[in-house]
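Reader: I'm in my first year and still learning how to read these pictures. Could you pick a single part of this one and walk me through it slowly?

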Amino acid sequence: MQKLFLCLLSALLLTACAGVQEAQNLANCKFALKSVELTNYNLTSFDFDVVVAITNLNKKQTAALKRFDGKLTVNDDYMADITLRDIRIDPNSVKNAKAKVKVPMATFSNKVLGLISMGSGTLDYHLTGTMYFEGPLGTEIPLPVDIGRYGSYTITD
């Protein structure tokens, strides 16, 4: 009975250590706001695809992101909440994580709507938030991140 308990405890500890290692690898990843693309629009809302590039710099081990909760701004005005879930990034590679966002027209400020309607304004996107990785025994450990800007995108027809 004692041997069975020790085997189960060992297996649990090995699993927990692997999860902690993947979480530690995530802390060493680089994040970049790769693109914000308008996919659809109508009189009441805009639909966007937001792509975050996550680069795992570790050459041998996978990194794992449990969840990311963030806020996307345009020209310093709040636009939308962004959520990403359960992402694994292979060693020495880049994972493009995509979030689909529907933004009500009322969310845009008059300044941003004016820039869009003129067709010649510059939009500056910025993404900040908190990433969560899985710690020992399934706990979520938060880590604030500033993913940065995807900027100076000039609107053209």
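**A charged pair and its surroundings**

Author: Let's start with a salt bridge: the side chains of aspartate 49 and lysine 100 meet, with 3.2 Å from N to O. Aspartate 49 sits in strand β2 and lysine 100 in strand β5, so this pair ties together parts that are 51 residues apart in sequence. Keep in mind that you're looking at a predicted model.

Now, are the two partners buried or exposed? Aspartate 49 has 10% relative accessibility, and the cut-off for buried is under 20%, so aspartate 49 counts as buried. Lysine 100 comes out at 68%, and exposed means over 50%, so lysine 100 counts as exposed. As a bit of background, side chains of opposite charge can pair when their charged atoms come close.

The pair also has company: Asp49, Lys98 and Lys100 are linked in a network of salt bridges.

Next, have a look at the sheet around this pair. Three strands make an open sheet, in the order β1-β2-β5, and their pairing is antiparallel. Which strands are at the edges? They are β1 and β5, each of which pairs on one side only. Going from one strand to the next, the twist averages 20 degrees. In general, strands of a sheet pair through backbone hydrogen bonds, and they can do that in a parallel or an antiparallel way.

Zoom in on β1 and β2: these two run antiparallel and are joined by ten bridges. Aspartate 49 turns up here again, as the bridge partner in β2 of glutamate 37. Try finding that residue in the picture with both roles in mind: a salt bridge to lysine 100 and a bridge partnership with glutamate 37.

While you're on β2, find serine 45, which has its place in that strand too. Serine 45 counts as buried because its relative accessibility is 8%. What does serine 45 touch, leaving aside its neighbours within four places in sequence? Its contacts are Asn40, Lys102, Val103, Pro104 and Met105.

Back to the charges for a moment. The count of salt bridges comes to six, and arginine 67 makes a nice second example. Arginine 67 forms one with aspartate 69, where the closest N and O atoms are 2.4 Å apart. Arginine 67 also meets glutamate 140 in a salt bridge, at 2.5 Å from N to O. That second pair links distant parts of the chain, with arginine 67 in strand β3 and glutamate 140 in strand β7, 73 residues apart. How accessible are these three? Arginine 67 is buried, with a relative accessible area of 17%. Aspartate 69 is partly exposed at 25%, and glutamate 140 is partly exposed at 35%.

Last stop: the nonpolar residues. The largest nonpolar core has 32 residues, and Leu33, Phe68, Leu72, Met79 and Tyr125 touch the most other members. Strands β1, β2 and β5 are among the elements that give two or more residues to this core. The biggest contribution comes from β4, with six residues. For a feel of the surroundings, click on leucine 72: beyond four places away in sequence, its contacts include Leu33, Val36, Val50, Met79, Ile82, Tyr125 and Leu127. More broadly, nonpolar side chains in soluble globular proteins tend to be buried together.

Conventions:
Residues are numbered from 1 along each chain as its sequence is written. This is a predicted model: local features need pLDDT of at least 70, side-chain atom pairs count only at pLDDT 80 or more; totals for chains, interfaces and linings use all residues. Side-chain values use heavy atoms; hydrogens and water are left out. A nonpolar core is a set of buried Ala, Val, Leu, Ile, Met, Phe, Trp, Tyr and Cys residues joined through side-chain atoms within 4.5 Å. Buried means under 20% relative accessible area, exposed over 50%, partly exposed in between (1.4 Å probe, protein chains only). Helices (H or I, at least four residues) and strands (E, at least two) are DSSP runs, numbered from the N terminus. Contact means heavy atoms within 4.5 Å. A salt bridge is a side-chain nitrogen of Lys or Arg within 4 Å of a carboxyl oxygen of Asp or Glu. Two strands pair if DSSP finds at least two bridges between them. Axes are lines fitted to C-alpha atoms, for helices over the stretch in contact, and angles run from 0 to 180 degrees between N-to-C directions.
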